[in-house]
Amino acid sequence: MMFVCGQSTASNKGMEVDCQAEESMVSAFDEESVELGDVKDMRLEAEAVVNDVLFAVSEMHVSQSLNSASDVAYINVETREGNRYCLELTEAGLRVVGYAFDQVDENLTTQYHETVYSLLDTLSPGYREAFGNALLQRLERLKQNGQ
């Protein structure tokens, strides 16, 4: 089960995030991810990655200027702290390949992360806080609804 969250208005308790459980959402590296034969299409995986965590970052989109293929895709992300990154998505996972949108630094040797959640958790305290708040709000709603 995935949580789909969208940012709502600010309240006296801070920023509220609206979360809804989604069964049909495709997430990165999920067993039910989109595949072409036995090979995942990384462009589709990248779109799923963006949709999964867009609520917890300032900006995130699949790069239109860097060439994606069935085995690699590039994602631009700006954290809530204002830091920009270019991420590479391959079968090995996600990693930072540049410190600006649409930038690939061939000399960078950054660690691969199995999930976007793990990668953003290391890059952005704001992401960590937004994700945690979204989960807490969803759990509170489930509790209130008696589920």
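Asp102 is found in the loop between strand S8 (93-98) and helix H2 (116-123); helices (H or I, at least four residues) and strands (E, at least two) are DSSP runs, numbered from the N terminus. The model is a predicted one, in which local features need pLDDT of at least 70 and side-chain atom pairs count only at pLDDT 80 or more, while totals for chains, interfaces and linings use all residues. Residues are numbered from 1 along each chain as its sequence is written, and side-chain values use heavy atoms, with hydrogens and water left out. Although Asp102 is not a glycine, it has a positive phi of about 60°. With a relative accessible area of 33%, Asp102 is partly exposed, a class that sits between buried (under 20% relative accessible area) and exposed (over 50%), using a 1.4 Å probe and protein chains only.

We can turn next to the sheet. Four strands form an open sheet in the order S5-S6-S7-S8, with antiparallel pairing; two strands pair if DSSP finds at least two bridges between them. S5 and S8 are the edge strands, each pairing on one side only. On average, neighbouring strands of this sheet are turned by 25° against each other, direction ignored. Axes here are lines fitted to C-alpha atoms, for helices over the stretch in contact, and angles run from 0 to 180 degrees between N-to-C directions.

At one edge, S5 (59-62) pairs with S6 in the antiparallel sense over four bridges. Glu59 has Glu78 of S6 as its bridge partner, and His61 is matched with Asn76 in S6. Glu59 and His61 make up the uncovered face of S5, whereas Met60 and Val62 make up its covered face. At the other edge, a hairpin joins S7 to S8 through two residues, and these strands pair in the antiparallel sense over five bridges. Leu87 has Val96 of S8 as its bridge partner. Six of the six residues of S8 are buried, so this strand is largely enclosed by the rest of the structure.

Two helices accompany the sheet. H1 lies across S5, S6 and S7, running at about 165° to S5, while H2 lies across S5, S6, S7 and S8, running at about 40° to S8.

The largest nonpolar core has 25 residues, of which Met60, Ile75, Val77, Leu87, Val116 and Leu120 touch the most other members. Such a core is a set of buried Ala, Val, Leu, Ile, Met, Phe, Trp, Tyr and Cys residues joined through side-chain atoms within 4.5 Å. At least two residues each come from H1 (42-53), S5, S6 (73-78), S7 (84-90), S8, H2 and H3 (125-144). H1 gives the most, with five residues. Leaving aside neighbours within four places in sequence, Met60 is in contact with Val49, Val50, Val53, Leu54, Ile75, Asn76, Val77, Leu87 and Val116, contact meaning heavy atoms within 4.5 Å. Another core, of five residues, lies apart from the largest one and includes Leu66, Val72, Tyr74 and Cys86.

Finally, Arg80 is found in the loop between S6 and S7 and is partly exposed, with a relative accessible area of 33%. Arg80 and Ser58 are 22 residues apart in sequence and 5.0 Å apart in space, C-alpha to C-alpha. A polar atom of the Arg80 side chain lies 3.3 Å from the backbone oxygen of Ala56.

Notes
A polar contact is a pair of N or O atoms within 3.5 Å; within protein, one must be able to donate a hydrogen and the other to accept it, and residues adjacent in sequence count only if both atoms are side-chain atoms.
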